[in-house]
Amino acid sequence: MYDSGKIIPGIILFVGLFTFPFWSNMGKAAPAPKPELPKTAKVCVMDTAFMKTEHMVLLNHWRDKVVREANRVWLGPDGKEYKMSIQNGCMQCHTSKAKFCDQCHNYAGVSPYCWQCHLEPKENL
Amino acid sequence: MEKDRRDFLKIGGISVLGLSALPVFEALAQGKDPKAMPDPRALQATQWAIVVDMKKCWEEQEKRQCKDCILACHKVHNVPSIPDAKREIKWIWQEEYKHAFPDQANEYAPEQVKDHPFILLCNHCSNPPCVRVCPTKATWKRAEDGVVMMDFHRCIGCRYCMAGCPFGARSFNWGDPREYLDPQQENPEFPTRRKGVVEKCQFCAERLAVGLQPACVEACKAKALVFGDINDPESEVRKILAENYSLRRKIELGTGPNVYYII
C-alpha cells in the first residue's frame, strides 16, 4: 500500500473524530424524567398508560368539547365526574407545572403552547 | 352429515342476522366509555339578551363614577388595561350617545342622554357579520342559545371579524396581553389571551355553563343590567321591554343586536 503511514493514522483520526459525540457522551445519558404525581388523587381522567401517550389528544378533544359544544363535565371510565379544564381540572391535582408537565416536555424537547394563554398554578418556589 | 338446501338457508340466515347484530352490541357496549356532557346546572335559552336600563346606570354613575360591570368583567376574564387607545382591549366599555347611536343621535336630545356614557358590549347579533367573515370558524353563533362565541385556539388574527363588526365589539392583541396584567390580580380560573388573537365578550359562556349570570349583570348593584331569554315571553327582559321603549344600536344594518337600552 502506498502512503500507508499517512492513510492508516488518517483513518484512525477520522474514525476517532467522527465518533466523538458518541464516546464523549458515554455514560452521561440524561436521566429519565420523573414527573411528580399528585398525592391527593390516585386516579386520573383516563388510565395512566393512555394519559402517558395520548394526553395531548385528549386535551385537544376536550378543547373542542368544551369550547364548541359546551360540554364541560367529563365522565371518566371509573364513573367519576371531572371538570374538563386545564386550569380548573388538570392543574388542581397536578399542582405544579415545573414538577409535572415540564419534566417530560423538557426531556422530550417539546414546548407546547398551552401556557401562552392558560395560566399555570402559582407556585411558591 | 347430510345437509339439504333448507337447512343450509336456515343456518345461513341466522348467521347473517347474528353479524348484523354486532354493531348494535358494540354501540351498547360503548355505554361504559368515558364521555363529555354538559353541567346539569347550565342555564338554557334560545337567544340570550341583555337589557341595560341607562336611567338606573346613570344614577350610579353620578353617585360614584360607577364602573362595577366593566371592572368585574375585565377582572374575571383577565382583560388587560392598556393605556394606548389604539391597542386597548375591551369586552364591555363606556361610550358617548353620539358614538353609540350615530344613526339616531339627536342634537337636541336631553342633556342627561348627551352627557352620560352608555354601557356597550358585544350585541350577540341574531345575524352576526363577524361570524360570516371568519375564515376559520374561530367565531360562530351557538345554535342552542345564540351566544356569539370565540374559540381563541382557532383564531388566526386576520381581523376580518373586526372589520365586519359595526359595533367595535372586538379587540385585537397587538402584543402579549400579560405584560399589562398584574400576576397577583389574575383570575386563575380563566385563561389570558396571547399575541395575535381577537377577543370579545362571550356573554360569560363559562359562567352560564355552571348556572351563573354574566359577571357584569351580577356586579351591577343598581340592577341596571338584566339578562334573559329574548324569545321567552315570560322572561324578565321581555317584561321590561314590553313596559319601556327601548333602543338598539344600528338596527338599520340588519344584524339583529340583542342588547337593548332603556333611556
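These legends walk through several close-up views of a predicted two-chain model.

Local features are described where pLDDT is at least 70, side-chain atom pairs count only at pLDDT 80 or more, and totals for chains, interfaces and linings use all residues. Residues are numbered from 1 along each chain as its sequence is written, while chains are lettered from A and ligands numbered from 1 in the order in which they are written.

**View 1. Chain A at a glance, with 5 helices and 2 strands.**
Helices (H or I, at least four residues) and strands (E, at least two) are DSSP runs, numbered from the N terminus. Read from that end, the elements of chain A go α-α-α-β-β-α-α. The radius of gyration of chain A is 24 Å, well over the 14 Å that the globule rule gives for 125 residues, so chain A is more spread out than a compact globule. For anyone recomputing that, the radius is taken over C-alpha atoms, and the rule is 2.2 Å times the number of residues to the power 0.38. Along the principal axes, the C-alpha atoms of chain A fill a box of roughly 80 × 35 × 30 Å. Of its 125 residues, 14% count as buried. Here a residue is buried if 20 or more other C-beta atoms lie within 10 Å of its own, exposed if 12 or fewer, and partly exposed in between, with C-beta atoms placed from the backbone.

**View 2. Residues 6–24 of chain A, listed by UniProt as "transmembrane region".**
That label comes from an unreviewed entry; UniProt positions are given in the numbering used here, feature names are shortened, and annotations may be inferred rather than shown by experiment. In the model, this stretch is 95% helix and 0% strand. The C-alpha atoms at its two ends are 25 Å apart.

**View 3. An open sheet that takes strands from both chains.**
Its 3 strands come in the order β2(A)-β1(A)-β1(B), with antiparallel pairing. Two strands pair if DSSP finds at least two bridges between them. The edges are β2 (81–83) of chain A and β1 of chain B, each pairing on one side only. Neighbouring strands are turned by 35° against each other on average, direction ignored; axes are lines fitted to C-alpha atoms, for helices over the stretch in contact, and angles run from 0 to 180 degrees between N-to-C directions. Within chain A, 3 bridges join β1(A) to β2(A), and Trp74(A) has Tyr82(A) as its bridge partner. Across the chains, β1(A) (residues 73–75) and β1(B) also share 3 bridges, with Leu75(A) standing opposite Lys35(B).

**View 4. The contact between the chains, with 19 residues from chain B and 20 residues from chain A.**
Two residues are in contact if their C-beta atoms, placed from the backbone, lie within 7 Å. On the chain B side, the largest share, 3 residues, comes from strand β1 (residues 35–37). That side divides into 9 nonpolar, 2 polar and 8 charged residues. The classes go like this: Ala, Val, Leu, Ile, Met, Phe, Trp, Tyr, Cys and Pro are nonpolar, Asp, Glu, Lys and Arg are charged, and the others, Gly among them, are polar.

**View 5. Chain B as a whole, with 10 helices and 11 strands.**
The radius of gyration of chain B is 26 Å, well over the 18 Å that the globule rule gives for 263 residues, so chain B is more spread out than a compact globule. Its C-alpha trace spans about 105 × 45 × 30 Å along the principal axes. Buried residues make up 34% of chain B. Among contacts between residues at least 6 apart in sequence, 66% join residues at least 24 apart.

**View 6. A mixed, open sheet in chain B, in the order β9-β2-β11-β10.**
The edge strands are β9 (225–229) and β10 (246–247). Helix α2 (residues 54–64) packs on the sheet, touching β2 (48–53) and β11, and its direction makes about 55° with that of β2(B). At one edge, 5 of the 5 residues of β9(B) are buried, so β9(B) is largely enclosed by the rest of the structure. β2(B) and β9(B) pair antiparallel over 5 bridges, with Val51(B) partnered by Val226(B). At the other edge, 2 bridges join β10(B) to β11(B) (residues 259–262) in the antiparallel sense, and Leu247(B) has Tyr261(B) as its bridge partner.

**View 7. Strand β4 of chain B (residues 118–121), paired with β3.**
In a regular strand the side chains alternate between the two faces of the sheet. Phe118(B) and Leu120(B) point one way, Ile119(B) and Leu121(B) the other, and all are buried. Antiparallel to this strand runs β3(B) (residues 92–95), joined by 4 bridges. Gln94(B) stands opposite Ile119(B).
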